[in-house]
Amino acid sequence: MPGKIVNIDAVENIINFTADYIFKSNKKIALVGGSKRPFLFLKKKLSKKHSMAFSPPECFTNDEFIEKIIFDNTKLIKISDFEAAFVIFKIVKEEMPQLVNGNLSFASFMEWSFEIASFIEQLDLENVSEEKLKAVKANAEIGYDVPENINSLLKNIFKIRKRFHDSLEKSSQTTKGYSFLKVLSIESGVLAGHFDEIILMAPFYLHKTEIEIFKKLYDIGKLTVFICGSPKEYEVLERLYLEFGEPVPSIKSKNNRYKLNVYSAFDDQSQGSLLKNLISSYSKEDLDKTVIIVPDSSMLQSVISEVSIVTEKYNISAGYPAAKTTIFSLIQVIIEAQLSRKEQLYYSKDVMKVLTNPLLKNMRFFGEDSISRIVAHKIEKALDQNSKSCLSGKMFISFEEIISQKQLIDEISLAVTQAWKYLPSEKIIKILNEIFESSFVSWEKVESFYGLSSVLFVFLEKIYSLSSVGSYPLNVEAMEILLSLSKELKFGKVSQVKFQNDEIFNMFKKLIKNKRIALTDSSLEGLQILGFLESRNLSFDNVFIVGMKDSAIPPIKKDYPLVPKDVMYALGVEMVKKEYEIQWYHFNRIIAGAKNLNLIYPDNDKDERSRFIESVIWNKQLENKDINAVKISKFVLSKFSIKYFAKRKYAKTSEIKEYLKNISYTYSKIDTYLDCRLKFYFRYVLLFDDGIDVGHELSKSDIGNFIHSFLKDALYENLSNKELQSLKFEKEYFKKLENSFDNSVSFRFREDSFMIKEVLMHRMKNILYYERERQYRNIYACEKKYVSKITTNAGKTYTLSCTIDRIDVEDNGYMIFDYKTGVTDEKIIQKKHFDLLSDNFGRQNIKKAIRSLQPQLYKYIFEKETKFVVSKCGIYDVKKAKINEFPQEREIYEKCIDVVKELLAEINSGENFEFDTEDAVNCKTCKYFYVCR
């Protein structure tokens with residue numbers, strides 16, 4: 001007697017239906033389904049029905065069920081994906097060396113190997129015969145409309161697959177696809193094991209091997225299939241009936257009963273805020289019947305941060321990118337440090353990225369975590385180009401250089417003593433050696449994946465024992481992934497192969513790039529936050545689906561890098577063809593059982609609204625015969641408001657007054673004070689900006705520093721305008737630019753370096769052509785420093801200093817300019833507002849009239865110290881290759897110097913630094929916003 005198929009309407013709760021069915025049965029049952037989470041709900045439902053201790057049915061995902069049969073009936077061991085990719089590389093190298101260019105290494109071919117392994121897995125799952133593959137070979141010989149190397153691969157794919165299977169048999173190994181193939185040869189009675197009945201719970205798409213396996217169980221009366229939804233509406237469900245030899249029933253689905261709400265919000269965070277508002281009024285009972293489905297895992301953080309404000313009772317089951325955890329970020333920066341290393345010399349920025357990682361800088365050496373923070377801070381400070389240390393400004397550094405700096409070691413020892421207790425220099429050196437050895441030096445010696453596995457394991461063990469990594473669940477899960485990978489890399493043929501150090505780390509980067517943490521909270525009470533696939537076969541009264549952009553739901557691959565879709569279709573790999581239908585079915589099933597359906601999508605220029613929303617809206621419009629049946633509610637975050645009255649004032653103590661009197665004033669200090677008094681206080685009195693940018697990502701300052709350095713080198717002192725016109729100079733100019741760029745570590749290791757280079761080449765070319773048009777005799781100086789004095793009207797004298805980027809000589813005198821690589825004002829002086837200064841030197845009048853005091857101040861200092869006449873001064877706009885000149889009128893210049901004196905007098909008078917409400921226009925973007933509220 002064969003098995004049976006039971007059809008359930010999509011609006012029905014399949015968990016409740018299955019629980020009722022099992023409760024009434026006295027058989028030993030196994031459940032097989034697409035995901036694990038429904039089994040938890042099922043067991044909870046059964047426990048309520050039994051109201052006493054009971055033995056629940058055994059539950060398996062489809063893959064777990066096949067694995068159980070394999071491991072119970074064979075001696076096969078599952079091979080890792082990485083090892084499988086290596087085996088395929090060896091086969092391809094022998095069968096078709098032209099594809100790997102003869103001497104191409106596994107490191108270069110690895111991604112291709114993974115694609116070929118994935119293709120072979122699809123062939124195995126769909127039980128594609130050798131005859132079909134040979135037919136593909138014949139077509140490939142004629143030539144598919146694909147690159148020649150793909151055609152070459154298709155011609156040989158049946159050979160590669162056969163040799164791969166032979167290799168698996170020889171080593172008693174298996175893959176997921178090969179396991180499904182092997183199970184086909186096992187007798188029907190053995191497949192069922194000790195179970196009386198196997199329930200296939202709400203299948204949708206089944207691979208051909210799965211259908212054949214379950215058909216065997218069905219034919220001997222051991223399989224019951226619960227199909228959820230009308231087979232007339234889905235071709236895939238109709239196919240299941242036909243495959244099991246059953247007539248297709250004419251069942252019409254019940255109408256959806258949900259109340260539909262569609263919302264739009266600008267981005268991830270605003271969607272999270274909208275969710276928070278929508279569920280804030282929900283009772284505990286409501287939340288127990290509510291699910292938030294997050295198709296795009298990158299939104300998880302935004303959703304959780306907002307939802308946690310409303311309720312602590314929420315449970316997550318989704319895939320989370322491991323790359324976002326601190327432990328993965330630490331491994332990433334360690335790898336980057338190895339890739340940018342030159343023998344024993346490390347790129348300083350990469351060293352600081354490692355040392356300032358939150359885990360590493362809180363390691364508990366001698367039981368005290370402050371030591372690591374002090375070490376990181378002191379080394380960072382020593383590397384700063386403005387420090388007086390011997391390490392100052394070093395781009396590449398060895399650890400011997402750091403340890404040999406007695407002054408640095410003494411500073412660390414003193415700081416540790418002040419923060420904790422006395423540690424002598426020898427112990428500080430021991431700690432430094434331990435940090436450098438575990439985080440850098442031990443990784444240098446890696447020549448194989450076996451070696452990498454050992455180094456990684458030791459490092460993770462140290463991090464776990466000395467840091468706070470165990471306190472954070474996500475980091476613990478990420479550690480488990482890395483430990484599992486470490487174990488995996490220790491075995492197999494690939495583990496013993498010798499590679500170049502950089503090849504190993506580049507491959508390892510690819511291996512960990514897309515690792516995901518399976519967030520599987522077992523609690524079933526409270527609000528459920530699920531990934532799209534984790535929601536399969538579950539029903540909730542209140543359904544929220546967020547992030548409904550078309551790239552996230554349906555998540556369909558548009559292209560397959562290795563094999564074209566038409567070739568897949570020809571081979572009978574139908575999952576590619578059915579992708580959309582599979583996603584549409586799962587979406588319809590979760591919304592069909594809802595009472596309240598809330599769909600939320602991002603409304604911006606970047607993201608397209610999901611086609612699923614379009615379908616739902618269209619169906620509602622048809623149902624109601626009303627084009628306005630669904631209204632979309634747009635969510636807008638509250639406007640950002642600033643309470644000016646909350647700004648604080650800071651006393652000018654006697655020490656601060658003394659400090660202000662004796663410091664050297666630059667144009668940037670005076671301009672900052674003019675912009676905002678409190679910003680001046682934080683930056684130049686409290687020195688909040690005295691940090692070091694070692695370890696930061698490429699920024700505007702990196703590009704600016706590069707351009708300044710290049711222009712100083714290319715447009716050098718004593719260079720005449722006549723020399724600059726020659727073709728020889730032009731060649732040398734661009735050669736210097738090429739060399740400077742290629743030797744700049746800030747750019748060299750970036751993926752977008754070619755784009756940065758193109759932009760720089762274009763701008764520096766424009767600078768050269770502009771320089772040829774300008775009239776001057778020669779360049780007098782570059783980046784020349786000057787110090788001078790200025791006396792205010794009250795008779796007080798202050799020090800002024802400047803570094804002038806460029807000084808040229810012309811017939812009428814000297815021209816001084818400052819290079820600017822960012823946004824610059826066309827006019828330094830706004831003449832229409834300048835008359836305001838005649839009546840009142842108020843700060844707001846000054847700001848309206850004068851965009852910057854830099855050129856005037858440079859002119860004042862230069863003329864006073866050299867006794868030379870400045871005929872022109874201004875700002876050199878590098879982007880536009882033009883000079884914005886300061887006006888020639890003497891009275892404007894003198895008025896600007898009076899402004900400088902007035903501002904210096906104001907800085908050094910009064911009892912407080914107070915906020916000026918007129919300066920509030922820039923508060924929203926000010927880095928000190930939260931400090932001065």
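Which residue in β16 does Leu 260 stand opposite? In this predicted model, the residue facing Leu 260 is Leu 597 of β16. The pair belongs to a parallel arrangement in which strand β8 (residues 259–265) is joined to strand β16 (residues 596–602) by seven bridges.

Strand β8 also pairs with strand β17 (residues 632–634), again in the parallel sense, over three bridges. Here Ser 264 is the residue that stands opposite Lys 634 in β17. As for its surroundings, β8 is largely enclosed by the rest of the structure, because five of its seven residues are buried. Buried here means under 20% relative accessible area.

A further sheet can be traced through its strand order. This open sheet has five strands, arranged β1-β7-β6-β2-β3, and their pairing is parallel. The edges are formed by β1 (4–8) and β3 (58–61); each has a single partner strand, so one side of each has no neighbour in the sheet. On average, and with direction ignored, neighbouring strands of this sheet are turned by 20 degrees against each other. At the β3 edge, strand β2 (residues 29–33) runs parallel to β3 and is joined to β3 by four bridges. Within this pairing, Gly 33 is placed opposite Thr 61 in β3.

Two helices lie across strands of this sheet. Helix α3 (residues 62–73) lies across β2, β3 and β6 (197–201), and runs at about 105 degrees to β3. Helix α10 (residues 208–219) lies across β1, β2, β6 and β7 (223–228), with a direction at about 120 degrees to β7. Both β2 and β6 are thus among the strands that α3 lies across and among those that α10 lies across.

The next step is a contact between helices. Two packed helices are described by the angle between their axes and the distance between the axes. For helix α4 (residues 81–95) and helix α7 (residues 148–170), the angle is about 130 degrees and the axes are 10 Å apart. The two helices are therefore oblique to each other, and their crossing is right-handed.

Which residues of α4 and α7 meet? From α4 come Ala 84, Val 87, Ile 88, Ile 91, Val 92, Glu 94 and Glu 95, and from α7 come Lys 159, Ile 160, Arg 163, Phe 164 and Ser 167. By residue class, the contact of α4 with α7 divides into seven nonpolar, one polar and four charged residues.

Conventions. Residues numbered from 1 in each chain as written. Predicted model: local features only at pLDDT ≥ 70, side-chain atom pairs only at ≥ 80, totals over all residues. Heavy atoms only, no water. Axes fitted to C-alpha atoms, helices over the stretch in contact; angles between N-to-C directions. Parallel < 35°, antiparallel > 145°, perpendicular 65-115°, else oblique. Left-handed = near helix turned anticlockwise from the far one by under 90°. Contact = heavy atoms within 4.5 Å. Nonpolar A, V, L, I, M, F, W, Y, C, P; charged D, E, K, R; others polar. Buried < 20%, exposed > 50% of the residue type's maximum accessible area, 1.4 Å probe, protein only. Pairing = 2+ DSSP bridges.
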